[in-house]
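Biologist: Before I rely on the terms used for this protein, I should like to hear the reasoning behind them. Could we go through them one at a time?

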Amino acid sequence: ADNLSDALKKLKITTTDSTADSFEGCLDCLLQALAQNNTETSEKIQKSGVLQVFASLLMPQSSCTAKVANIIAEVARNEFMRNPCVDAGLVPPLVQLLNCKDQEVLLQTGRALGNICYDSHEGRNAVDHAGGAHIVVDHLRSLCSKTDPASEKLLTVFCGMLMNYSNENDTLQSQLINMGVIPTLVKLLGIHCQNAALTEMCLVAFGNLAELESSKEQFAYTNIAEELVKLFKKQIEHDKKEMIFEVLAPLAENDIIKLQLVEAGLVECLLEIVQKTVDSDKEDDIAELKTASDLMVLLLLGDESMQKLFEGGRGSVFQRVLSWIPSNSHQLQLAGALAIANFARNDGNCIHMVDNGIVQKLMDLLDRHVEDGNVTVQHAALSALRNLAIPVVNKAKMLSAGVAEAVLKFLRSEMPPVQFKLLGTLRMLIDAQAEAAEQLGKNVKLVERLVEWCEAKDHAGVMGESNRLLSALIRHSKSKDVIRTIVQSGGIKHLVTMATSEHVIMQNEALVALALIAALELVTAEKDLENAQLVQILHRLLSDDRSAPEIKYNSMVLICALIGSEPLQKEVQSMAFLEVVSKLRSHENKTVAQQASLTEQRLAVES
């Protein structure tokens, strides 16, 4: 301790002596003390005011510059010392040292700057203002191909410095991307794949940068996919695989890179991991299974990569994914169902899968999760069924396979994501299927649940889908029984509210359903339509210049139907509809103009 105090005093006194060589012994003493107790020594250095002295000692031509930079690097390992290092003006002279040729000076300077930047906003700003990142990126470029141990050590330190510099800072990450650091880092990874420390630094740097959209575009023009898959195949340790996964996941959000990863053979690696870990109960294996199967699903989100793996339904990958669905692992069931939902993104694939018995597999899976089931699996299986039900030719096949009944078992679910998919699946199934729409529309339990969900204000998606399904039951069945069931369950007011939706498609669906109600069961629905103030809403829709032509057209069709009811006709007369309708006779849309003439005639006769 006495030696340390003496050394600090001596350093303070001899600052005027520009030949720094005279206190080399003092610097050695400081380094020794830091090695023994870094925190305590750093505190003493700070109190002594020697930090300011260091700024004048960082001279390129001095023999002790590397030691001073080393001391700063050691001191800056402590969080409480980073701001004092910045305040002491150490960053600009350190950045200047990056221009020197001495490898030891470069190494210690890189360490010092990297540590000052670590988790320090002030440190990063100071390095940014001094232009440090630019010089480091240039060094990486020029050293990239050198494989001697000293160069690799320097590359590792510089990668680490850039990582600390840009960590969790979008602006600085963008700056590095604009400097073109990505192709250099990818090249580094390829050349130095045998060097574990450098590889690790590259991976962390990628993980930092890969979150930004602009980086993905740059990555797509490198051979990153190939390099990462090559590296991945060599890994045995769980931690290393995890590191590569952390880079792969954000990169795989880009469609071009998805395809590159598929072509580089990532899928085979993932399937192998699944096979190895599926029956294991070790924590690491469970984590790896989840990551691998999640990543597999992500790769299938790209249209090209998905089609490549589907291979007309004969692909080995597609077949393997199918085998996940009956598995006993919830994680694999989930990934399998999500993968099917992703494969089911075009009509050709959907038709092929339904013809080859996928529906039964999904229904069996749902069956396993009816009682206290896994919500994510329910949601995924319903998503897959909903997508498969989109092509017209699949609807009747799926209905006769019993999909509607399988889906209805989840009516009791209190989970909004499950409710949302359940509603979407039923709506897809009954599209233009009159018999199925009638059967479901007369199901009192279903209709009552729909009416309840139409009020789910906290869950806009569920509310919207419930309204759309109510309307679809009427539109596709055109059945009086269905309309009566919906009236008795209190559904009319929701269809009227739906006519005021901000989405034109929903407004239109509501108006068509209401027109059918008015045409087929006006007497039954009369009171509810009156209470829901339908006539005022139609007046508003017709008067509003922003209403779409189809909304105006269907509103007039509905008005003509409503005047068959005495109380509703009185309301129409009291609201000066003639005036609004006669203006629409000169509407630019011919169909609207024609309907306006017809409606005007009807209103004139009735008045």
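The exchange below takes up several terms in turn and sets each against its definition.

Modeller: Please bear in mind throughout that this is a predicted model.

Biologist: What makes the contact between Glu 74 and Arg 77 a salt bridge?

Modeller: The rule asks for a side-chain nitrogen of Lys or Arg within 4 Å of a carboxyl oxygen of Asp or Glu. The N to O distance between the side chains of Glu 74 and Arg 77 is 2.7 Å, and the pair therefore meets the rule. By this rule the count comes to 30 salt bridges.

Biologist: Are the two partners, Glu 74 and Arg 77, buried or exposed?

Modeller: Buried means under 20% relative accessible area, and exposed means over 50%. Glu 74 has a relative accessibility of 14%, so it counts as buried. Arg 77 has 52% and is therefore exposed.

Biologist: What makes Lys 241 and Glu 288 a link between distant parts of the chain?

Modeller: Their side chains meet in a salt bridge, with 3.2 Å from N to O. Lys 241 belongs to helix α17, whereas Glu 288 belongs to helix α20 (residues 283-299), and the two are 47 residues apart. Both Lys 241 and Glu 288 are buried.

Biologist: How does one know where the salt bridge of Arg 484 and Asp 481 sits along the chain?

Modeller: Both residues lie in helix α33 (residues 480-488), three residues apart, which is about one turn of the helix. The N to O distance of this salt bridge is 2.7 Å. Arg 484, at 30% relative accessibility, falls between the two cut-offs and so counts as partly exposed. Asp 481, with 32%, is partly exposed for the same reason. Elsewhere, salt bridges that share partners join Glu 74, Arg 77 and Arg 111 into one network.

Biologist: Why are Glu 237, Asp 239, Glu 283 and Asp 284 called a patch of negative charge?

Modeller: Asp and Glu count as negative, and a patch takes residues with over 30% relative accessible area and no salt bridge, like charges being joined within 9 Å. These four residues gather on the surface in such a patch. Glu 237 lies in the loop between α16 (224-234) and α17 (238-251).

Biologist: What is notable about the phi of Glu 311 and of Ala 576?

Modeller: Glu 311 has a positive phi of about 45° although it is not a glycine. Its place is the loop between α21 (303-310) and α22 (316-324). Ala 576, also not a glycine, has a positive phi of about 50°, and it is found in the loop between α39 (566-574) and α40 (577-584).

Biologist: Why are Glu 311 and Ala 576 called partly exposed?

Modeller: Their relative accessible areas are 45% for Glu 311 and 39% for Ala 576. Each value lies between 20% and 50%, so the term partly exposed applies.

Biologist: How do you know that Val 95 is buried?

Modeller: Its relative accessibility is 1%, which is under the 20% cut-off, so Val 95 counts as buried. Val 95 lies in helix α7 (residues 91-97).

Biologist: Which residues carry the "repeat: ARM" annotation?

Modeller: The unreviewed UniProt entry assigns it to residues 89-131 and 357-389. In the model, residues 89-131 are 72% helix and 0% strand, with end C-alpha atoms 14 Å apart. Residues 357-389 are 73% helix and 0% strand, and their end C-alpha atoms lie 14 Å apart.

Terms used: Residues are numbered from 1 along each chain as its sequence is written. This is a predicted model: local features need pLDDT of at least 70, side-chain atom pairs count only at pLDDT 80 or more; totals for chains, interfaces and linings use all residues. Side-chain values use heavy atoms; hydrogens and water are left out. Patches are made of residues with over 30% relative accessible area and no salt bridge: like charges are joined within 9 Å, nonpolar side chains (Val, Leu, Ile, Met, Phe, Trp, Tyr) within 5 Å. Accessible areas come from the Shrake-Rupley method with a 1.4 Å probe; for residues, only the protein chains shown count as cover. The place of a charge is taken as NZ of Lys, CZ of Arg, CG of Asp or CD of Glu. Helices (H or I, at least four residues) and strands (E, at least two) are DSSP runs, numbered from the N terminus. Buried means under 20% relative accessible area, exposed over 50%, partly exposed in between (1.4 Å probe, protein chains only). UniProt positions are given in the numbering used here, feature names are shortened, and annotations may be inferred rather than shown by experiment.
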